[in-house]
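Ready for some practice with a protein fold and its pockets? Have the structure open and work through each exercise in turn.

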Amino acid sequence: MSKLTLKAEGDRHIVVTRRFAASPEAVFRAHTEPQLIQKWMLGPDGWSMPVCVNDLRPGGKFRYEWSNADGRHFFITGEFVELVPFSRIIHIERMHLPDPTPDNHVVTTFEKDGSGTLMTVRMTLPDAATRAAMLATGMEHGMEASYVRLEALG
């Protein structure tokens with residue numbers, strides 16, 4: 001059973017929540033340190049992330065590249081807007097499939113929840129059609145597969 005909750009809000013927003021049995025510091029680090037990101041942010045089984053570049057500062061760029069044994073490949077690029085250690089990340093991202101998707105503005109918060117963390121990811125897309133296309137990918141399944149790996153990092 002998935003621990004992830006995904007809901008659409010208004011015409012342009014997607015809100016994802018998930019609880020982790022780890023501190024906000026540990027979950028934040030898993031979202032910012034490349035050597036940790038490459039261990040868990042892989043989506044469905046069979047994918048790897050050979051490239052993970054994070055310039056962790058406002059205005060800093062990031063690039064994540066995925067590939068699988070079938071030779072499929074895609075990547076995400078973006079910029080950090082705000083980083084508040086252990087509590088919030090604001091960034092803009094676009095997927096390259098191979099053409100870039102419209103900008104996705106993402107606010108991720110990490111809140112202490114008992115002995116663990118409640119993570120909330122609020123995505124803002126440019127329009128309802130872009131959001132519908134994103135939801136049609138079944139993104140929640142790849143996200144949850146990744147979050148299960150994150151939990152296993154301990």
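**Exercise 1: The sheet**

In this predicted model, eight strands make up an open sheet with antiparallel pairing, in the order 1-2-8-7-6-5-4-3. Work out why strand 1 and strand 3 each have one side without a neighbour in the sheet.

*Solution.* Start with the two ends of the order 1-2-8-7-6-5-4-3. Strand 1 (5-9) and strand 3 (47-54) stand at the edges, and each has a single partner strand, so one side of each stays without a neighbour. Going from one strand to the next, the twist averages 20 degrees.

**Exercise 2: A pair and a helix**

Find the bridge partner of Phe-62 in strand 5, then say which strands helix 4 touches.

*Solution.* First, look at strand 4 and strand 5: they pair in the antiparallel sense over seven bridges. Phe-62 has Gly-78 as its bridge partner in strand 5. Next, turn to helix 4, which packs on the sheet and touches strand 1, strand 2 (13-20) and strand 8. The directions of helix 4 and strand 2 make about 25 degrees.

**Exercise 3: Two pockets**

Describe the largest pocket and the second largest pocket by volume and lining.

*Solution.* Take the largest pocket first: it holds about 1200 Å³ of space. Its lining has 39 residues, with Trp-66, Ile-76, Glu-93, Met-95 and Met-143 nearest the centre. Sort the lining by class and you get 25 nonpolar, eleven polar and three charged residues.

Now for the second largest pocket, with about 200 Å³. Helix 1 (24-32) gives the largest share of its lining, four residues. By class, this lining has nine nonpolar, one polar and two charged residues.

Methods: Residues are numbered from 1 along each chain as its sequence is written. This is a predicted model: local features need pLDDT of at least 70, side-chain atom pairs count only at pLDDT 80 or more; totals for chains, interfaces and linings use all residues. Side-chain values use heavy atoms; hydrogens and water are left out. On a 1 Å grid over the protein atoms alone, a cavity is a set of points where a 1.4 Å probe fits but cannot get out, and a pocket is an open set with protein on both sides within 12 Å along at least five of seven lines; lining residues have an atom within 4 Å of a point. Grid points are joined across faces, edges and corners, and a volume is the space filled by probe spheres set on the points. Ala, Val, Leu, Ile, Met, Phe, Trp, Tyr, Cys and Pro count as nonpolar, Asp, Glu, Lys and Arg as charged, and the others, Gly among them, as polar. Two strands pair if DSSP finds at least two bridges between them. Axes are lines fitted to C-alpha atoms, for helices over the stretch in contact, and angles run from 0 to 180 degrees between N-to-C directions. Contact means heavy atoms within 4.5 Å.
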